[in-house]
Amino acid sequence: MTSDVDGDTTELSRPARRQAEIAAYVVKNGSVSANDLVEAFGVSVMTVHRDLDELERQGVVRKYRGGVSAQPTSVFESNVAYRLNTAHAEKVAIARHARTMIEPGMSVMLDDSTSALGLVDLFEDITPLTVATNFLPAITKLAQLRDITLLALGGIYSATHDSFGGMPCAEAVEALHTDLLFCSVSAVSPTHAFHQEEEIVLVKRAMLRSAKTKVLLVDHGKLQRTALHRLAPLTDFDIVIVDEKTPQDLIAALRDNGATVEVAEI
């Protein structure tokens with residue numbers, strides 16, 4: 001009996017392991033066809049589609065006719081694993097630039113963006129700090145740092161974003177008032193910041209209301225784009241930090257529409 005149970009457990013774990021490998025493959029490549037996955041993993045088309053259905057249910061990927069993608073659209077936000085592996089150099093540069101705004105003793109709020117996450121690695125030499133965030137990877141890192149008062153903002157957990165959200169999180173945010181907010185979005189037009197998901201917008205708007213100085217962190221790949229939900233005008237942010245790969249005409253357009261733009265050197 002024990003042997004049978006062990007055998008069943010092994011069998012049940014194989015699809016999960018394969019799905020994890022498929023997810024990593026899609027995240028690395030951004031977008032692939034179903035036939036690519038059949039060839040790469042040596043399984044049938046039916047098995048690939050079954051695995052992709054499960055990964056789509058988990059919010060890891062988005063299926064389209066003939067293939068699958070981890071890339072964002074105007075209504076689909078990428079899984080956190082994909083976002084952690086995109087525009088890495090740009091996000092590091094933006095975080096370094098943003099870090100100059102922080103002084104010991106300040107209170108800082110971070111949203112669940114991978115752009116804001118880059119700041120956490122730079123906190124160690126500017127403590128003491130009070131840091132509030134709803135992003136689980138940031139909470140995990142901050143918990144290891146000395147002289148950090150960590151305010152973990154709870155709520156409804158999203159595996160896709162690895163963060164907490166919803167009304168409980170928004171209410172926790174609104175109970176605070178921090179010196180600084182560092183946040184990002186998935187799309188920025190010359191006039192507004194956008195995000196695909198209403199629940200995410202709910203929390204980000206609460207954060208904007210709960211901080212004295214609001215800083216938007218935007219790598220150049222997010223510019224000249226829109227998404228389903230309009231978060232706020234760019235003029236609601238005190239500073240918009242972009243990376244130096246941003247074309248000068250886009251920087252000029254942001255400034256012409258009233259945004260205060262600073263450029264981070266890579």
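**Exercise 1. Burial and surroundings of Asp111**

Decide whether Asp111 is buried or exposed in this predicted model, and describe where Asp111 lies and what Asp111 touches.

*Solution.* Begin with the relative accessibility of Asp111, which is 2%. The cut-off for a buried residue is under 20% relative accessible area, and Asp111 therefore counts as buried. Next, place the residue in the secondary structure: Asp111 sits in the loop that runs between strand E4 (107–110) and helix H6 (114–120). Then list the contacts, leaving out residues up to four places away in sequence: Asp111 touches Ala116, Thr133, Asn134, Phe135, Phe182, Cys183, Ser184, Lys204 and Met207. As a last step, take a pair from distant parts of the sequence: Asp111 and Leu153 are 42 residues apart along the chain, and their C-alpha atoms are separated by 9.9 Å.

**Exercise 2. Cysteines and disulfides**

Determine how many disulfides the structure holds, and explain why Cys169 and Cys183 are not bonded to each other.

*Solution.* A disulfide is a covalent bond between the sulfur atoms of two cysteines. The criterion applied here is a pair of cysteine sulfur atoms within 2.5 Å. For Cys169, the closest cysteine sulfur belongs to Cys183 and is 13 Å away, which is too far for a bond; starting from Cys183, the closest cysteine sulfur is that of Cys169, again at 13 Å. The structure accordingly holds zero disulfides. The accessibility of the two residues completes the picture: Cys169 is buried, with a relative accessible area of 0%, and Cys183 is buried as well, at 2%. Cys183 is also one of the residues that Asp111 touches.

**Exercise 3. The chain as a whole**

Assess whether the radius of gyration of the chain agrees or disagrees with that of a compact globule, and then characterise the fold and the surface of the chain.

*Solution.* For 266 residues, a compact globule would have a radius of gyration near 18 Å, and the 20 Å of the chain agrees with this. Along the principal axes, the C-alpha trace spans about 60 × 45 × 35 Å. The chain has 10 helices and 15 strands, and buried residues make up 47% of its 266 residues. Turning to contacts between residues at least 6 apart in sequence, 60% of them join residues at least 24 apart. The accessible surface comes to about 12700 Å², and carbon and sulfur atoms account for 51% of this area. Finally, compare the charges: the chain carries 25 positive and 36 negative charges, and the mean positions of these two sets are 2 Å apart.

Definitions and conventions: Residues numbered from 1 in each chain as written. Predicted model: local features only at pLDDT ≥ 70, side-chain atom pairs only at ≥ 80, totals over all residues. Heavy atoms only, no water. Helix = DSSP H or I, 4+ residues; strand = E, 2+ residues; numbered from the N terminus. Rg over C-alpha atoms; globule rule 2.2 N^0.38 Å. Buried < 20%, exposed > 50% of the residue type's maximum accessible area, 1.4 Å probe, protein only. Contact = heavy atoms within 4.5 Å. Areas by Shrake-Rupley, 256 points an atom, 1.4 Å probe, with all protein chains shown as cover. Lys, Arg positive; Asp, Glu negative; His and termini not counted. Charge placed at Lys NZ, Arg CZ, Asp CG, Glu CD.
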